[in-house]
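Please open the model in your viewer and keep the sequence panel visible beside it. The tour below proceeds by selection: each stop says what to select and what is found there.

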Amino acid sequence: MKWVLVGGVAAVPFVLPSQSMVNIAMLTAFSAFLGQCWNIAGGFGGLTSFGHAVFFGSGAYTGAILQTRYGVNPWVGLPAAFLVGGLVGAGIGAASFRAGLRGSYFALVTLAFAEVFRVLSNSLEFTQGGLGIAIPLKVSAWNFQFADRRATYAVVLVLLAVASGVAVWLTKGRMGARLAAVRENEDAAAALGVDIVRTKTWALALSGGLAAMGGVVYGQTYLYIDPSIGFGTERSVEMLLVAMIGGAGTVWGPVLGAVVLHVVADVSRAFIATPGFAPMVYGVVLLVIIAVLPQGLAGVWAQVRGTPGGARDA
Amino acid sequence: MLEVRGLSKRFGGLQAVDDVALDVPQGRIVALIGPNGAGKTTSFAMIAGFVRPDAGRIVFEGREVTGARADQIAALGMVRTFQITQPFAGLSVAENIRVGAFLRTADAAEAMAQARAVGAALGLGAMLDRPAAALTVAGRKRLEVARALATRPRMLLLDEVMAGLNPSEIHEIVAMIRGIREGGVTVLLIEHIMQAVAALADDVYVLAQGAVIAQGTPRAIADDPAVIEAYLGRGAAARLAAHA
Amino acid sequence: MLEIYTAALINGLLIGGVYALVALGLTLIYGVLHIVNFAHGSLLMVAMFAAWVLAEKAGVSPYAALPVVACGMFAVGWALYRYVIGRVSRGEDRAILLATLGVSVVLDNLFLAIFGGDTRQIEGDLTFAMWEVGPLLLAVPKVIAFGVSLVLAGGLWAFMARTDMGRAIRAVAKEPEGARLMGIRPERVFALAYGIGIGCLGAAGCLLLPSFFVSPHVGSVFVLVAFTIVVLGGMGSFPGAVVGGLLIGVTESLGGLVLGESLGPIGISLVFIAVLLLRPTGLFGAAR
Ligand SMILES: Nc1ncnc2c1ncn2[C@@H]1O[C@H](COP(=O)(O)OP(=O)(O)O)[C@@H](O)[C@H]1O
Ligand SMILES: [Mg+2]
């Protein structure tokens, strides 16, 4: 029933005539997708990352560089970005978790990694430094550029479905159970045979690989990326906010969070159009959520049904 | 089955464990007793791979495991419980136990079935779908044992699973541990409650200030003057003998 | 050639003095409350804007404004802990971290909404005043900032070590429960310590303003710098924050010179990552 409803709502933009409505739907789905990627590590694994843009940006640059320098078809950019994002995640994860970084320290180190990537992309010739990379306009489905936003929306929906599928799988399978165990209590998990470093590294790699694909979609949609678009803190914070507000460690959380985020954005923009006003409201919403709904909006639903669950500290 | 030699650990100026040797033969229940702060939990932590020993060798089923990680040792079949219980507080009781079951099977349905069976066998049947945070002290102790058992261990290290329980609960846990041994699992347990040790253990080691000061059957240990002094203070054995 | 390096070194040390003051606030908050105050950079930004408004709209020199801004920021910090961070987080680690992140998001965007995204500087002779010391040209505001920062750092240290209130704060930091039994209310002391930590930012903001620009985004630049210093010096360590501040000031200044304008800032992030991965206790810290 829930699925039919959500499917129905998601399908509405396909029959809408207005491109701006489609655009809002696409942006919402895109936020939900990135939030879901964050959620895989940050929610299900309790790995509170402040630097998830490092994956998004790695993917965006992978797609853009393959295409502009080596003439690789941008569709190929998707799996390539997944691979690169996964490797970056595995590298950051292995280094941090081996060193025993947790909680706030992990959050800060991810922020620092994102900053390293930002500075590097801002100064290397390979990434065209601060100029950024412009992707040549050539609209065709083969070239992953669509004249109709509904096509982009469809691609984003597919990605969202994939990431949410991973989230569902985490609630059911062995990997997810181990990840939850590590999130709740590392010592107890290790005593039961869970390899903590491997489990967390794996979650970060998967989360990073998926988020990197979002970077490719971004590049193909807006045809331009630069260091702050790719690796800026705003992206990291938005991913976190969407998941936390909606409900970290729940499958529906990021979707709810993204809807709230964009509704807040559009409503507040209607009243006060000053830049900064809408993000300020998200910040307030985050504080309220932490104060009164530690499980996020999805937690309300779970409480109503009386099931335990949801994320705790790393 | 488990062979420990020369195990030592120092925390700053404190020699917490000092040249400890232990043998746990297959199929037995061996008890490790001693006053608070004797170094029992620290010994467990080293045996189970949570704390790196300063010196010593730990051999499990003929394989040296000194310095191995806790999860590797658990995978070999030696699993500990925690004196201070460590539930996965945000998960249900059944989900807690299932984490253990997943060590031996990757199939979610099978792991859940095993977890529920182990939980029910240990008297947690009514609580299986409640959050672990809702358990009583006795329930948490049972959950510790249930999670460990769900990994199908060959050897269990039980750290004060009876502390804080009432006599009837202790009675049940004693029966439960017997049942575990009958199921073919070797047990090394830390315990304060001497009746329980007497009822369960084949062999007892006494630890005081980090060192093994006595070893023998529960009967022999109870009469050992060195042990009485370790618990009750210097001269206590002589005073007790004078009274008798 | 050598002179350029010497100049960069000295410049780094001068700026490092102010960084030390910023980091002292952060390390104090960590040492007492055991919380990672992610809002630190944003609160520094607030302090800088306060100093800027006073300078531009009321013509008050940042140095004259320093006591006022420091006290104002103390009040802001105290109230922020008392009514927002302490309330929202219920003492949970992750909740505190996210609460301070939430505060920084709110502040950054509030100031963006009020002041717009432009970078601002104070106008005046002070900004460009130089002292000639031998072959070196030293920017006067930086020299003043360095001197005042070190004096304030010494004052803060004396306050913590010598006064009853300082001792009470340290007692609560060590044993919140024990202090409660002694009749001290930990929550009040936490708010006080948070206020003092943010008060340091008030002073630092005034000292930085004549030689730095301010925009709603500067917080995110400073937050990583401050954390790097504190982690390098050892979380909670006062001498660590001072030495770390100077080292990071020099690293930044020499990094900019050797690696160039765009690659230079990488030094700080790399130091941060390396310390956390290789020596998480920092130079002066005993344990995390
Ligand atoms: N991580 C640690 N750091 C410092 N001292 C410790 C640590 N763990 C245990 N100790 C000390 O080592 C001694 C032995 O502790 P423990 O093994 O828990 O004793 P037992 O379990 O026999 O009561 C105690 O004095 C305890 O305070
Ligand atoms: Mg003990």
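How far apart do the closest C-alpha atoms of chain B and chain C lie? They are 13 Å apart, and no contact joins chain B and chain C. Please keep in mind throughout that this is a predicted model. Two pairs of chains touch, and the pair with the most contacts is that of chains A and C.

**First stop: the four-stranded sheet of chain B**

Select strands S2, S1, S4 and S5 of chain B, which form an open sheet in that order with antiparallel pairing. Strand S2 (14–24) and strand S5 (63–64) of chain B are the edge strands, since each pairs on one side only. In general, the strands of a sheet pair through backbone hydrogen bonds, either parallel or antiparallel.

Now restrict the selection to strand S1 (residues 2–11) of chain B and its partner S2(B). Seven bridges join these two antiparallel strands. To follow one of the bridges, select Leu2(B), whose partner in S2(B) is Val24(B).

Next, add helix H1 (residues 40–47) of chain B. Helix H1(B) lies across S1, S2 and strand S4 (55–60) of chain B. Its direction makes an angle of about 115 degrees with S1(B).

**Second stop: the six-stranded sheet of chain B**

Keep H1(B) displayed and select the strands of another sheet in chain B. This open sheet has six strands in the order S6-S7-S8-S3-S9-S10, and its pairing is mixed. At its edges are strand S6 (78–80) and S10 of chain B, each of which pairs on one side only. From one strand to the next, the twist averages 15 degrees.

Helix H1(B) packs on this sheet as well, touching strand S3 (29–33), S6, S7, S8 and S9 of chain B. Relative to S8(B), the direction of H1(B) is at about 145 degrees.

For a parallel pair, select strand S7 (residues 155–159) and strand S8 (residues 186–190) of chain B, which are joined by five bridges. Leu156(B) has Val187(B) in S8(B) as its bridge partner.

For an antiparallel pair, select strand S9 (residues 203–208) and strand S10 (residues 211–216) of chain B, which are also joined by five bridges. Here Val206(B) is bridged to Ala214(B) in S10(B).

**Third stop: two residues with positive phi**

Remain at the hairpin of S9(B) and S10(B), which has two residues between the strands. Select Gln209(B), which lies in the loop between S9 and S10 of chain B. Gln209(B) has a positive phi of about 50 degrees although it is not a glycine. Is Gln209(B) buried or exposed? With a relative accessibility of 74%, Gln209(B) counts as exposed.

Then select Arg152(B), in the loop between helix H5 (137–150) and S7 of chain B. Arg152(B) is not a glycine either, yet its phi is positive, at about 50 degrees. Its relative accessible area of 48% makes Arg152(B) partly exposed.

**Fourth stop: ligand 1**

Select ligand 1 together with its surroundings in chain B. Among the residues around ligand 1 are Phe11(B), Leu14(B), Pro35(B), Asn36(B), Lys40(B) and Thr41(B). Which atoms of Ala38(B) and Gly39(B) should be displayed? A backbone N or O atom of Ala38(B) is 3.1 Å from an oxygen atom of the ligand, and a backbone N or O atom of Gly39(B) lies 2.9 Å from an oxygen atom of ligand 1. For Thr42(B), display the side chain: one of its N or O atoms is 2.6 Å from an oxygen atom of ligand 1.

**Fifth stop: chain C**

Select Cys71(C) and Cys206(C). Why is there no bond between their sulfur atoms? The sulfur of Cys206(C) is the closest cysteine sulfur to that of Cys71(C), but the distance is 11 Å, which is too far for a bond. Over all chains, the structure holds zero disulfides. Cys200(C) is likewise in no disulfide, and the nearest cysteine sulfur, that of Cys71(C), is 12 Å away. Cys71(C) is exposed, at 55% relative accessibility, whereas Cys200(C) is buried, at 9%.

Finally, select Ser269(C) in helix H11 (residues 266–278) of chain C. Ser269(C) is buried, with a relative accessible area of 1%. Apart from neighbours within four places in sequence, its contacts are Ala112(A), Glu115(A), Val116(A) and Leu224(C).

Definitions and conventions:
Residues are numbered from 1 along each chain as its sequence is written. Chains are lettered from A and ligands numbered from 1 in the order in which they are written. This is a predicted model: local features need pLDDT of at least 70, side-chain atom pairs count only at pLDDT 80 or more; totals for chains, interfaces and linings use all residues. Side-chain values use heavy atoms; hydrogens and water are left out. Two strands pair if DSSP finds at least two bridges between them. Contact means heavy atoms within 4.5 Å. Axes are lines fitted to C-alpha atoms, for helices over the stretch in contact, and angles run from 0 to 180 degrees between N-to-C directions. A disulfide is a pair of cysteine sulfur atoms within 2.5 Å. Buried means under 20% relative accessible area, exposed over 50%, partly exposed in between (1.4 Å probe, protein chains only). A residue is near a molecule or strand if one of its heavy atoms lies within 4 Å of it. A polar contact is a pair of N or O atoms within 3.5 Å; within protein, one must be able to donate a hydrogen and the other to accept it, and residues adjacent in sequence count only if both atoms are side-chain atoms.
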